[in-house]
Amino acid sequence: MKEFEPLPQPDHLRELPSQAPCQMQLRAQTPGPRRRRQACRQVPHPVAMDESSGQPDVHTYKSLAEDGPFCSVEPPKRPTGSLVMHSMAMFGREFCYAVEAAYVTPVLLSVGLPKRLYSVVWLLSPVLGFLLQPVVGSASDHCRARWGRRRPYILALGVMMLLGMALYLNGDTIISALIADPRRKPIWAISITMTGVVLFDFAADFIDGPIKAYLFDVCTHQDKERGLHYHALFTGLGGALGYLLGAIDWAHLELGRLLGTEFQVMFFFSSLVLTLCFIIHLCSIPEAPLKDTAKDTPPRQAPQDPASSSDRMYEYGSIEKVKNGYVNPELALQGGKTKNPPAEQTQRTMTIKSLLRALVSMPAHYRCLCISHLIGWTAFLSNMLFFTDFMGQIVYHGDPYSAHNSTEFLIYQRGVEVGCWGLCINSVFSSLYSYFQKALVPYVGLKGLYFMGYLLFGLGTGFIGLFPNVYSTLVMCTSFGVMSSTLYTVPFNLIAMYHREEQEEQRQQTQGGGLDSSWRGQGLDCAALTCMVQLAQILVGGGLGFLVNMVGSVVVVVITASAVALIGCCFVALFVRYID
């Protein structure tokens with residue numbers, strides 16, 4: 001077959017900046033002779049024919065010397081309203097988290113859950129999340145649903161959250177309506193309630209990764225930073241509202257009498273808020289499905305030479321573009337699409353073992369960021385999970401094991417109530433701090449924000465543990481908000497910067513004729529980072545209970561949280577990589 005020589009490039013195109021070829025090739029995909037003439041290069045294809053006219057079809061090709069195959073398509077700038085709508089998922093998620101924190105223990109006690117099963121309830125969900133989070137993250141990277149890559153997973157996990165809340169807040173009522181045998185009721189009530197708690201925790205922990213990957217896929221780098229700040233802002237607002245509604249005595253109000261119990265009241269509010277927030281979130285920013293990125297491009301013969309497979313372009317945020325010398329054709333933005341069997345086989349043979357291998361072999365700066373995230377969440381959860389108990393026992397000197405009508409027990413309950421107000425202060429200050437983070441970044445940078453969050457939390461919890469006092473403890477709850485906002489924003493900002501840097505390096509390498517096959521997926525990296533939250537829950541749930549029993553006082557939890565946070569200060573300052 002005769003080889004066709006490429007036409008010489010016009011002079012006026014040689015003078016265009018480096019971004020112009022990428023933009024012109026996108027315009028050349030649409031029909032019309034004028035836009036076809038604007039392509040960087042046009043070579044008549046010897047085989048493919050236009051079905052409607054019978055004339056030879058025209059394809060655009062890209063020279064490695066111009067921009068390389070990894071010419072990223074930068075998403076458009078998103079308006080503030082779209083980013084706020086996108087952040088509503090975090091509002092609904094954190095609202096339901098606050099409701100669970102306020103009501104899950106009373107619910108479990110009301111159905112008669114044995115104490116020996118408490119650890120099963122709290123550890124089963126993070127163990128499942130830690131094992132399956134990378135699988136879901138990688139699967140969303142390859143999802144070809146018409147609705148997009150991330151939104152189908154977000155919708156499914158949101159439904160699971162709603163189902164979990166329905167089971168653990170209404171489990172006793174459901175069993176009472178379905179089972180008449182009083183001897184079987186407790187067993188079924190415990191089983192349904194435990195299933196609901198595990199299902200809710202599993203879905204609520206899982207959903208953070210796809211939400212962050214969704215934001216990264218559809219936003220520019222500047223919009224990613226803005227979106228993460230809005231995420232932190234609405235996370236704090238949702239938690240504050242959830243704690244406030246949980247503090248109301250619904251049993252003595254008309255709504256409580258109408259719906260039956262306060263558990264049904266909170267399910268009504270939680271399901272309403274969660275449903276509305278996720279509908280708004282899923283309609284916030286359109287997401288292009290993978291299969292549509294190359295659907296309208298004309299067919300082309302598969303390249304025989306692996307090096308020639310670099311004459312393709314890829315969509316923003318897609319993962320693992322090149323594997324074993326072949327290019328994944330589903331991710332091509334232009335240049336034709338004849339399916340490449342080795343690439344398809346690569347996707348079909350993806351297993352948990354290969355994902356774990358990818359996580360273990362991740363670049364050092366990703367690994368250090370995951371370790372710092374693990375340290376931060378271990379310190380934060382150590383304090384938050386035991387904070388109300390610390391207020392009741394250490395600050396108020398109450399006794400949770402005394403008779404329920406005794407003074408000591410009533411004092412303990414009062415301490416728990418004040419501790420809930422402290423958690424509300426944490427949520428409100430987290431929102432306020434996330435709003436001012438953007439103003440602080442130009443002065444201290446991400447490194448300063450990361451270090452300051454860990455330092456303030458470590459000093460604040462240390463002061464509370466050494467000098468327990470009601471008012472000073474409530475004031476120090478503001479440091480919890482600083483840490484919460486830091487954990488929700490800075491690590492994901494760094495992930496976005498790492499990906500942006502890799503895109504630039506990939507473009508430079510392909511300009512020089514090289515081809516790097518180590519491209520990482522944003523869904524997988526966000527999932528790896530979120531896995532550290534589940535691992536922190538496992539460490540806290542498995543270790544701090546033993547530590548409290550050994551020391552005999554819950555104050556050791558607060559001191560441990562302070563020590564871990566201060567260790568984290570040193571780690572984020574010395575080992576985490578920052579990009580100017």
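**Salt bridges and a nonpolar surface patch**

Lys77 forms a salt bridge with Asp223, and the closest N and O atoms of this pair are 3.8 Å apart. Lys77 lies in the loop between β2 (56-60) and α4 (80-110) while Asp223 belongs to helix α9 (residues 221-246), so the pair ties together parts that are 146 residues apart in sequence. The model is predicted, and the structure holds 8 salt bridges, among them the pairs described below.

**The network around Asp223**
- Arg226 also forms a salt bridge with Asp223, with the closest N and O atoms 2.8 Å apart, and both residues lie in helix α9, 3 residues apart, which is about one turn of the helix.
- Lys77, Asp223 and Arg226 are thereby linked in a network of salt bridges.
- Lys77 is exposed, with a relative accessible area of 62%, whereas Asp223 counts as buried at 0% relative accessibility, and Arg226 is buried as well.

**The pair of Asp217 and Arg150**
- Asp217 forms a salt bridge with Arg150, the closest N and O atoms being 2.6 Å apart, and this pair links distant parts of the chain, with Asp217 in helix α8 (residues 208-218) and Arg150 in the loop between α5 and α6 (151-178), 67 residues apart.
- Both Asp217 and Arg150 are buried.

**The nonpolar patch**
- Val120, Leu124, Val127, Leu128, Leu131 and Leu132 make a nonpolar surface patch of about 430 Å².
- Val127, one of these residues, lies in helix α5 (residues 118-142) and is partly exposed, with a relative accessible area of 33%.

Terms used:
Residues are numbered from 1 along each chain as its sequence is written. This is a predicted model: local features need pLDDT of at least 70, side-chain atom pairs count only at pLDDT 80 or more; totals for chains, interfaces and linings use all residues. Side-chain values use heavy atoms; hydrogens and water are left out. Patches are made of residues with over 30% relative accessible area and no salt bridge: like charges are joined within 9 Å, nonpolar side chains (Val, Leu, Ile, Met, Phe, Trp, Tyr) within 5 Å. Accessible areas come from the Shrake-Rupley method with a 1.4 Å probe; for residues, only the protein chains shown count as cover. A salt bridge is a side-chain nitrogen of Lys or Arg within 4 Å of a carboxyl oxygen of Asp or Glu. Helices (H or I, at least four residues) and strands (E, at least two) are DSSP runs, numbered from the N terminus. Buried means under 20% relative accessible area, exposed over 50%, partly exposed in between (1.4 Å probe, protein chains only).
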